[in-house]
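Please open the model in a viewer and keep the selection tool at hand. The tour below proceeds by selection, with a description at each stop.

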Amino acid sequence: MTVSLQQGGADVNFATRAGRRDGSITLAGLRAFVAVVEAGGLSAAARALGVSQPSVSVQLATLEAACGVMLLHRRPRLALTEAGRDLLLRARLVLSRFDELEHGLSELRALRRGHLVVGLSTPAFAMPLIARFQALHPGVTVSTRLGNTATLTESIASCSIDVAVMTLLEPLPGMACTTIARQRLVLCVPAGHKLATGKALRLPALAGLKLVMREPGSMTRRMLEQLLAGAGLAPQVQLEVGSREAVKEAVAAGLGVGALLDGEVGQDPRLATVKLHGAEAMAEVAVVGLPESLDLPAVAAFVALAGATDGITKP
C-alpha cells in the first residue's frame, strides 16, 4: 500500500507492505515517530526535533518499512493504527532508557560519578595522590588494593584494578608508566643500634647480619638481592614478611635488620636508617596502567594528575 500525504507544501510518499520488513529499527526512527505523535504532525515534529520535515518523513517511512506494518493513518488526519499504539508505548520506554544511558555516560565522561580501583605498593606516595584526585573529583569513588610490584602487575594485566602506584626499576613493557618519585634502598635498624652512626655501610658488613626480608615479588627484595649478588654475598635471612610495615615492626622488635626504600620509612622513633655503599641505583615510584585504559575518563584524569608533580605531596 502506498500513501501520499501533502503537508507544509511538500509531497511525502509512504510505502508499507504488510507482513514484510525492510531494514532495521533505529533510534532516529523511533524519535521521529514519537515526535510526530506528540506534536500532532510532521511539520511540528520537525521543529521539535530541530530537523527538516523531509528528514522526519524519511525516518517515519523507514521505520514503517522496518516494522513491516503501517503505524499511522494519514487521512483524513494523522492517527495511530493498532500497531502504532502498541509501538508508541515501547518506543517511549526505549527512548527513556536510552536517554538515561546517555546521561549516565555523560556523567562518567565529566567525572561527576564513577569508580576507580587503585592498586598500591607504596601507600606513602599513593595516598596523597588519591586525596588530590578525590578533592578534584568528589563524585568518583576510589577503592584500593594493596600488593607488591609483581601482584599489582598481574592485576593490571587482568583488569582487576584500573591503575597502580608502585615501585619499578625500569618501565614495564606494554604498560603506560608515569614516574612521580625516585627512591634509594637503605638499611633499617633499631634506634640505638651500633650501625646507626650516620655513616654509610659497606656491603660486606651485611654478610654477618640477620636480615628481615620482604616476600618474593617485592621490588625491595629484588633490589637487595641484586645488590648482594653483585657483591658476591648471600643474604642470611632471619625472617620473611609480607609488607614494609611488617619489616619495620620486625626490626623494631629486634628480629633483625631490613631493607626499605628511603621514601617509605616514615617517622618512627624506634627505627633508624643507614645508607648503603653501592646502592646508587634508583627505583622509581610510578603510576602504571594499560595503555588502552587511558581512554577511561577516571584513569586518564588520575594519570594526568600524577604527571603534574606540583599537585602531589611527596612524603
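The stops that follow cover a helix pair, a strand with its partners, and several loop residues. The model is a predicted one.

**Helices α1 and α4**

Select residues 27–39, helix α1, together with residues 82–109, helix α4. The two helices pack with their axes 9 Å apart and at an angle of about 120°. Angles from 65 to 115 degrees would count as roughly perpendicular and those over 145 as roughly antiparallel; α1 is therefore oblique to α4. The crossing of α1 past α4 is left-handed.

Next, display the side chains at this contact. From α1, show Leu 27, Leu 30, Arg 31, Phe 33, Val 34, Val 37 and Glu 38. The α4 residues in the contact include Leu 87, Leu 88, Ala 91, Leu 95 and Phe 98, as well as Arg 92, Asp 99 and Glu 102. Colouring the contact by residue class gives eleven nonpolar, one polar and five charged residues.

**Strand β11 and its partners**

Move to residues 257–261, strand β11. Is this strand enclosed or open to the outside? Five of its five residues are buried, so β11 is largely enclosed by the rest of the structure. In a regular strand, side chains alternate between the two faces of the sheet. Here Val 257, Ala 259 and Leu 261 lie on one side and Gly 258 and Leu 260 on the other, and both faces are covered.

Add strand β8, residues 176–190, which pairs with β11 in the antiparallel sense over four bridges. Cys 188 can be located opposite Gly 258 of β11. Then add strand β9, residues 211–214, whose pairing with β11 is parallel and spans two bridges. In this case Leu 211 stands opposite Val 257.

**Glu 215**

From β9, continue into the loop that leads to α7 (219–230) and select Glu 215. This residue is buried, with a relative accessible area of 13%. Beyond its neighbours within four places in sequence, Glu 215 contacts Asn 148, Arg 221, Glu 240, Val 241, Gly 242 and Ser 243.

**Backbone features in loops**

Select Pro 76, in the loop between β3 (72–73) and β4 (79–80). The peptide bond joining Arg 75 to Pro 76 is cis, with omega about 0°.

Proceed to Leu 111, in the loop between α4 and β5 (114–120). Although not a glycine, Leu 111 has a positive phi of about 60°. Its relative accessible area is 11%, and the residue is buried.

Finish at Cys 159, in the loop between α6 (149–157) and β7 (163–168). Its phi is also positive, near 65°. Cys 159 counts as exposed, at 54% relative accessibility.

Technical notes. Residues numbered from 1 in each chain as written. Predicted model: local features only at pLDDT ≥ 70, side-chain atom pairs only at ≥ 80, totals over all residues. Heavy atoms only, no water. Axes fitted to C-alpha atoms, helices over the stretch in contact; angles between N-to-C directions. Parallel < 35°, antiparallel > 145°, perpendicular 65-115°, else oblique. Left-handed = near helix turned anticlockwise from the far one by under 90°. Contact = heavy atoms within 4.5 Å. Nonpolar A, V, L, I, M, F, W, Y, C, P; charged D, E, K, R; others polar. Buried < 20%, exposed > 50% of the residue type's maximum accessible area, 1.4 Å probe, protein only. Pairing = 2+ DSSP bridges.
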